[in-house]
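Good morning, and thank you for the time. I would like to take you through one protein chain, from its overall contacts down to particular side chains. Please keep the display in view as we go.

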Amino acid sequence: MGGRGGSLLSLDGGIMTRSWGSCLLLLTILLALVASTDPGKNKVKVLRELKVVNASNANVKQCLWFAMQEYNKESEDKYLFQVVKTVQVQLQVTDRLEYFIDVEIGRSNCRKFSNSPENCAIQENSKLEKKVMCSFLVGALPWNGEFMVMKKQCADA
């Protein structure tokens, strides 16, 4: 009985050893696959390179409106900012439309959460005057109504 029990133990030990060996082999293969993954393959493919587009384009207007909504939401200023001048707009096509928008914006005379922001004017010749140059990268799927500010960089003008 003792010999048989010993052989059972060695058989179980062999099974355990093979199981650990299999797990170790599987883990090694998995780590090798992860290590060999090319990070460049995860980049979004550019289908059409940057091209200058007209600022009066309907998609550009939607993207700029959305970017300004986000800017004003994040801004700690008490006043709304509005576009003074669109400097340049470029479009790149990837898995979405990517608009690179350079604008000059200015502090308006409308406080945030005012009832009629469409009647706002840019503050000029006053101590409240403030101009900012911004570059927005807006990703858009306009046919789905989807817009996302992917990057925003602003500096006082």
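Let me begin with the contacts. Among those in the protein chain that join residues at least 6 apart in sequence, 62% are between residues at least 24 apart. I should state at once that this is a predicted model.

As to secondary structure, the chain contains two helices and five strands. Their order along the sequence is α-β-α-β-β-β-β. Of the 157 residues in the chain, 29% are buried. The exposed surface comes to about 11,100 Å², and carbon and sulfur atoms supply 57% of that area.

I turn now to the cysteines. How many disulfides does the count give? The count comes to two disulfides. With bonded cysteines counted along the chain, their pattern is 1-2, 3-4.

One disulfide joins Cys 110 and Cys 120, with the sulfur atoms 1.9 Å apart. The torsion about this S-S bond is about -110°, so the disulfide of Cys 110 and Cys 120 is left-handed. Cys 110 belongs to strand β3, residues 97-111, while Cys 120 sits in the loop between β3 and β4, the latter being residues 131-141; the pair therefore ties together parts that are 10 residues apart in sequence. Both of these cysteines, Cys 110 and Cys 120, are buried.

The other disulfide is formed by Cys 134 and Cys 154, and here the sulfur atoms are 2.1 Å apart. About the S-S bond of Cys 134 and Cys 154 the torsion is about 115°, so this disulfide is right-handed. Cys 134 lies in strand β4 and Cys 154 in strand β5, residues 146-156, so the pair ties together parts that are 20 residues apart in sequence. Are Cys 134 and Cys 154 buried or exposed? Cys 134 has 2% relative accessibility and counts as buried, whereas Cys 154, with a relative accessible area of 33%, is partly exposed. One further cysteine deserves mention: Cys 63 counts as buried, at 0% relative accessibility.

Next, the aromatic side chains. A pair of aromatic rings is described by the distance of the centres and the angle of the planes. In this chain the count comes to two aromatic pairs. One of them is formed by Tyr 71 and Phe 81; it is edge-to-face, at 5.6 Å centre to centre and with 70° between the planes. Tyr 71 lies in helix α2, residues 58-74, and Phe 81 in strand β2, residues 79-93, so this pair ties together parts that are 10 residues apart in sequence. Tyr 71 is buried, with a relative accessible area of 11%, and Phe 81 is buried as well, at 3%.

Finally, I would draw your attention to a charged residue, Glu 104, which is placed in strand β3. Which side chain of opposite charge is nearest to Glu 104? It is Lys 85, at 4.4 Å. A salt bridge requires a distance within 4 Å. Glu 104 is thus buried and has no salt bridge. Leaving aside residues up to four places away in sequence, Glu 104 touches Gln 82, Val 83, Val 84, Lys 85, Val 87, Lys 131, Val 132 and Met 133.

That concludes my presentation, and I welcome your questions.

Terms used. Residues are numbered from 1 along each chain as its sequence is written. This is a predicted model: local features need pLDDT of at least 70, side-chain atom pairs count only at pLDDT 80 or more; totals for chains, interfaces and linings use all residues. Side-chain values use heavy atoms; hydrogens and water are left out. A disulfide is a pair of cysteine sulfur atoms within 2.5 Å. Helices (H or I, at least four residues) and strands (E, at least two) are DSSP runs, numbered from the N terminus. Buried means under 20% relative accessible area, exposed over 50%, partly exposed in between (1.4 Å probe, protein chains only). Rings of Phe, Tyr and Trp (its six-membered ring) pair if their centres lie within 6.5 Å; planes under 30 degrees apart count as stacked, over 60 as edge-to-face and the rest as tilted. Lys and Arg count as positive and Asp and Glu as negative; His and the chain ends are not counted. Contact means heavy atoms within 4.5 Å. Accessible areas come from the Shrake-Rupley method with a 1.4 Å probe; for residues, only the protein chains shown count as cover.
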